[in-house]
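Got your viewer open? Let's walk through this model one selection at a time.

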Amino acid sequence: MTSLIMIVISTALINNVVLNQFLGICSFLGVSRQIKTSASLGGAVIFVITISSAVASLLYDFVLVPLHLTYLKTIVFILVIAALVQMVEMFLKKTSRAVYQALGIYLPLITTNCAVLGVALTNVQNGYNLLESVLAGFGTAVGYTVAIVLLAGIRERIDEDVIPAPLRGAPIVLLCAVLMAIAFMGFGGLS
Amino acid sequence: MKPCMERIYNGILKENPALVLMLGMCPTLAVTTSAINGFGMGVSTLAVLVVSNLVISLLRKVIPDEVRLPAYIVIVASLVTVVELLTEAYVPALYSALGIYIPLIVVNCIILGRAEAFASKNPPMLSAMDGVGMGLGFTIALTVIGLVRELLGAGTAFGFEVMPDSFAPIAIFIKAPGAFLVLMIIIMIMNAVHINTRANKVVEGCDGCCATCAKTCDTGKGES
């Protein structure tokens, strides 16, 4: 039980997917202007990564390993993730209009989010079983959401401030990321 | 031969994928803990990019337009698997240093971006040269970032001691925050001398940087 909780804490905070592993940087820098939109994206990411890590784990254990096709994992995972995101999108569109409107536009964007493929591959590398994979996926996505919402919070605050000309645009966002990454290094003590 | 040389110049300087187009940020930040890792990642990406551009350009009249993105992804993923197996077999040290970032070349925006923006519209030879140019530009950028971080963070360059003994390595440069910091300083300098990067015109959400992303924009607009 403690090892399962440790997986969640370790993936969410200690090895934060954005600030420590640099996965999903594009959306981390691009979609972090407002807390509201980044929280919606975070919700969509939690949803997709949790499901996709379950599916990828099942596929790997029950299809790829018995058939000795483990070297095909990259191809299989990326196709499964793309198809899965499409299916989730269609499913939400038909069943829950409100959720679709909140998360819908972010879902296709997530296919290219390297965090999704990254989690699936890391789970396999670590030899996690189904439950551990789902928890690792969930923890990773929570870590992503925490990071992007925090960054959006900072960006909303500095939006009005006067920033030196060379720092305007991307550099100031990266500077926030530097400070956040330093802060998150402190979580290293938890392991 | 002229347009081919122009593609290489374009990839290295005018549209450097990492520093000007700001594509492929994940490997740019993650594997540049040393110059040699950055170089290895750059060369792996270069290899995938050249072959994928060539193959996609050769198949550009065969692949139906509606399913082109899945087709490109399968081509790229196959090539990445080949590169992954080759690295594991012949340069195991690099394979363990780059780890998960080798399979993640699949989702590197540069590759799908060039496939969609260039290889799908141009003849094979020119597309391959575009891959060479973009790949070299990426390799150079990653090696330089890696060199800066290694020099400041460990006092070495390509594994050789170069800094004087009195230099105390600033370990944070080879840790995670150092990656953001070095990239920030590079873009800041480019801003100060007025070299335009795509980062200066950051667009909320998606700005069509990569193929799949551009598709999202199209469908998003269609539905709203």
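How many salt bridges does the rule find across the interface of chain B and chain A? Zero, where a salt bridge is a side-chain nitrogen of Lys or Arg within 4 Å of a carboxyl oxygen of Asp or Glu.

Before going on: this is a predicted model, with local features needing pLDDT of at least 70 and side-chain atom pairs pLDDT 80 or more, while totals for chains, interfaces and linings use all residues. Residues are numbered from 1 along each chain, chains are lettered from A in the order written, and side-chain values use heavy atoms, without hydrogens and water.

Stay on that interface: 40 residues of chain B are in contact with 43 of chain A (heavy atoms within 4.5 Å). The two chains bury about 3,700 Å² between them, 76% of it on carbon and sulfur atoms; that is accessible area (1.4 Å probe) lost on being put together, summed over both.

Next, select residues 35–58 of chain B, helix H3, plus residues 68–90, helix H4. Helices here are DSSP runs (H or I) of at least four residues. H3(B) and H4(B) pack at about 140°, axes 10 Å apart, with axes fitted to C-alpha atoms over the stretch in contact and angles running from 0 to 180 degrees between N-to-C directions. Look for B:Val48 and B:Val51 in H3(B), and B:Leu79 and B:Val80 in H4(B), among the residues that meet there.

Now add residues 109–119 of chain B, helix H6. The H4(B) and H6(B) axes come within 11 Å and cross at roughly 130°. Residues meeting here include B:Arg68 and B:Tyr72 from H4(B), and B:Leu112 and B:Glu116 from H6(B).

Notes
Helix = DSSP H or I, 4+ residues; strand = E, 2+ residues; numbered from the N terminus.
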